[in-house]
There are 2 protein chains.
Amino acid sequence: MDTMTIPAVPAPRTQVTRKDVARYAGVSTAVVSYVVNGGPKKVAPATEAKVQEAIRQLGYRPNAAARALKLGSSETIGLVIPDNSNPFFSMLAHAVEDAAGALGYALVLTNSDGNLAKERRNIRNLAARQVDGVVLASVLFEPELADLEAAEIPSVLLSHSGSSAGVTTVGVDLAKGARTAVEHLIGHGHTNIGLAMGTTTGNEADAREEGWVRALRDAGLPEGPIARSAFTRVGGYAAGRRLLASGHRPTAIFASSDMQAIGILRALHEAGLSVPGDIALVSFDGSEDAEYSWPTLTTVEQPVRDMAEAAVRALVGADRGEPAQHRVFPTKLLVRQSCGCP
Amino acid sequence: MDTMTIPAVPAPRTQVTRKDVARYAGVSTAVVSYVVNGGPKKVAPATEAKVQEAIRQLGYRPNAAARALKLGSSETIGLVIPDNSNPFFSMLAHAVEDAAGALGYALVLTNSDGNLAKERRNIRNLAARQVDGVVLASVLFEPELADLEAAEIPSVLLSHSGSSAGVTTVGVDLAKGARTAVEHLIGHGHTNIGLAMGTTTGNEADAREEGWVRALRDAGLPEGPIARSAFTRVGGYAAGRRLLASGHRPTAIFASSDMQAIGILRALHEAGLSVPGDIALVSFDGSEDAEYSWPTLTTVEQPVRDMAEAAVRALVGADRGEPAQHRVFPTKLLVRQSCGCP
DNA sequence: GACTGTGGCGCAAACGTGTGCGCACCGGAA
DNA sequence: TTCCGGTGCGCACACGTTTGCGCCACAGTC
């Protein structure tokens, strides 16, 4: 045995080019291009067949980089999300990928991990990669938007209730959704309703909090205790414990995300409290996790697939080039066990 | 008001090129390139400063497509997974993105949705996009591999226990992990241990099943009932119901994924059975969901981050070009409530 | 038979980079 | 002064495409 065996370096990537195909088929490179792209030019059926055969024989695959360079479009869009491990965002990412794929676009995924600097890097990186657009679903501050505008990259903000000026946004009416949830709890006779909210300074958290406040105010009820945390299970767990430790414990809690609600559920279980018996719980997002928790979670569903599709279409689909607009999708209260309905 | 307002077409994407920078700085385009890439050539500090300033002023950003065309590398890797909504795979995707990003590579995400034709399309698509490598975490059949070899794209199989010949694989010893889990249940005195397994014909399911079989056999125990389903909550739920309906109901269940376990949990709850009191449960994956279920799930953890990093490094990192190998990472039994430990 | 119209195809110029090669200049040594 | 080595920079080509333009051959018309 030879111990000096050269590692299987994956063969010099000798790319089969259009020129090879042309030579093999006995035509010019232009014809190959016409055949491949069904260009504006007609090509005789016989010639076309020859070219197709040559392509098959040689295993020719057009070079996307060259195409992108020539066309000025990479047929790729970018996605910036905080954390693909978070079920809500992974659901979103999947939906965006589907929508993009349906239009022939690939999806470059980037996670910001709640790190502003990283989010910035990601956006710059995507811009440098000539993506045709970027979907931002993140805690976004002005500087980022400025960057994008400067780079002249089409972009759409996802899951934000549109307030930003010149950029298209796609989302739900967070305030209204939250309000519906809280009113549902009020309808069950609760008068001390706590709130588990996010810590972001973006406009996500605010609107949901506003919905909670207004529902209570309109019902003539006092505001219950508030706990803020990250939109995660761990964060929710901590928030749950804080709510339980608060002065007079709420009999119901509205959580601003399913993840937080699941953390809260754990805190309640540990405290030996039953849900909804001792404390009722309603949350936000409508992720699948809420359907398989114990008890199952009543939650405000966001139509993620529709939102993703709208975002992608605004970027590279039929709605491209239309003036910036704010699309607001309806939420839907999914009533399950945790709210205390019979 | 003028109702004919022209929509804000995102400005003709007039790209600032290297030539512009060169002209602005009063140097040649080559120098700009040297400055940007820190090329092999030296450039005088004064010139460099001028160029940097020009770059800043003009907001120059190198065109990734042109670079990719020239270098024959897109600084991009592809990921093929069944479903990014599935927590295990979303965790994996996040880890792969991190590892790739650390090496300066972007990640193109594609979902196969358990659809073989789509998986095939995704792979072809990635190949056409000149990705520098592909991480495959999927139910993979031979034809796909052949495609990859044909396209000469470096690839690594993730989460497969390596049996494939010429391709690098990264994963865990599924059989051993499963065996540990089942032995743990046996240690608790269970003698009728059921199995919730996947339906895939790949090598994923088999090894775990094998571990279950061997643990039982070595302990002189009979094989309990088996239910097969997709690696999802819904699938697990159905499998759970089937296991409950089986001849003589098991007192413990080993589930081949956390998702299935969570579905089973729901089935058990609905049946009014307590876990682990009436039925113990141990699963596989170690996703965060298993930590926040009720009761919390004892599960066999896969070191996903390590695996992702190893896969990416084998593709485009330090380990690139090494001969195909099969890296097997250790699993770890995370003992929580569902197994019945005190 | 000459002219014209048309369908089918080839030529060659970009797209924005990276980089080998060569040229100009400059300081020092003879 | 002449020669020489070295440093710093410019020229120009190639990467694989797309596509406007022009050429050729052929059929139809007078």
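Here is a short walk through this predicted model, from its paired chains to its DNA and then to a single asparagine.

Let us start with the two protein chains. Turning chain A by 180°, with a shift of 0.0 Å along the axis, lays it on chain B with an RMSD of 0.0 Å. The two copies are thus related as by a two-fold rotation axis. If you would like to find that axis from chain A, look for Val108(A), whose C-alpha is the nearest to it at 2.2 Å. The copies meet through the same surface, because 100% of the interface residues of chain A are also interface residues in chain B.

Now follow DNA strand C. Of the 27 residues around it, the ones that come nearest are Ser28(A), Thr47(A), Lys70(A), Arg18(B) and Lys41(B). One of these, Arg18(B), places a polar side-chain atom 2.6 Å from a base nitrogen of the strand. Phosphate oxygens of DNA strand C have partners too: one is 3.1 Å from a side-chain N or O atom of Ser33(B), and one lies 3.2 Å from a polar side-chain atom of Arg67(B). Helix 2 (29–37) and helix 4 (64–71), in chain A and in chain B, are the elements that give two or more residues to this surface. Its residues comprise 13 nonpolar, six polar and eight charged.

Finally, visit Asn86(A), in the loop between strand 1 (76–81) and helix 5 (87–102) of chain A. With a relative accessibility of 9%, Asn86(A) counts as buried. A polar atom of its side chain lies 2.9 Å from the backbone nitrogen of Phe88(A). Beyond its neighbours within four places in sequence, Asn86(A) is in contact with Phe231(A) and Met259(A).

How values were computed: Residues numbered from 1 in each chain as written. Chains lettered and ligands numbered in written order. Predicted model: local features only at pLDDT ≥ 70, side-chain atom pairs only at ≥ 80, totals over all residues. Heavy atoms only, no water. Helix = DSSP H or I, 4+ residues; strand = E, 2+ residues; numbered from the N terminus. Buried < 20%, exposed > 50% of the residue type's maximum accessible area, 1.4 Å probe, protein only. Polar contact = N/O pair within 3.5 Å; in protein donor to acceptor, adjacent residues only side chain to side chain. Contact = heavy atoms within 4.5 Å. Least-squares fit on C-alpha atoms with pLDDT ≥ 70 in both. Near = heavy atom within 4 Å. Nonpolar A, V, L, I, M, F, W, Y, C, P; charged D, E, K, R; others polar.
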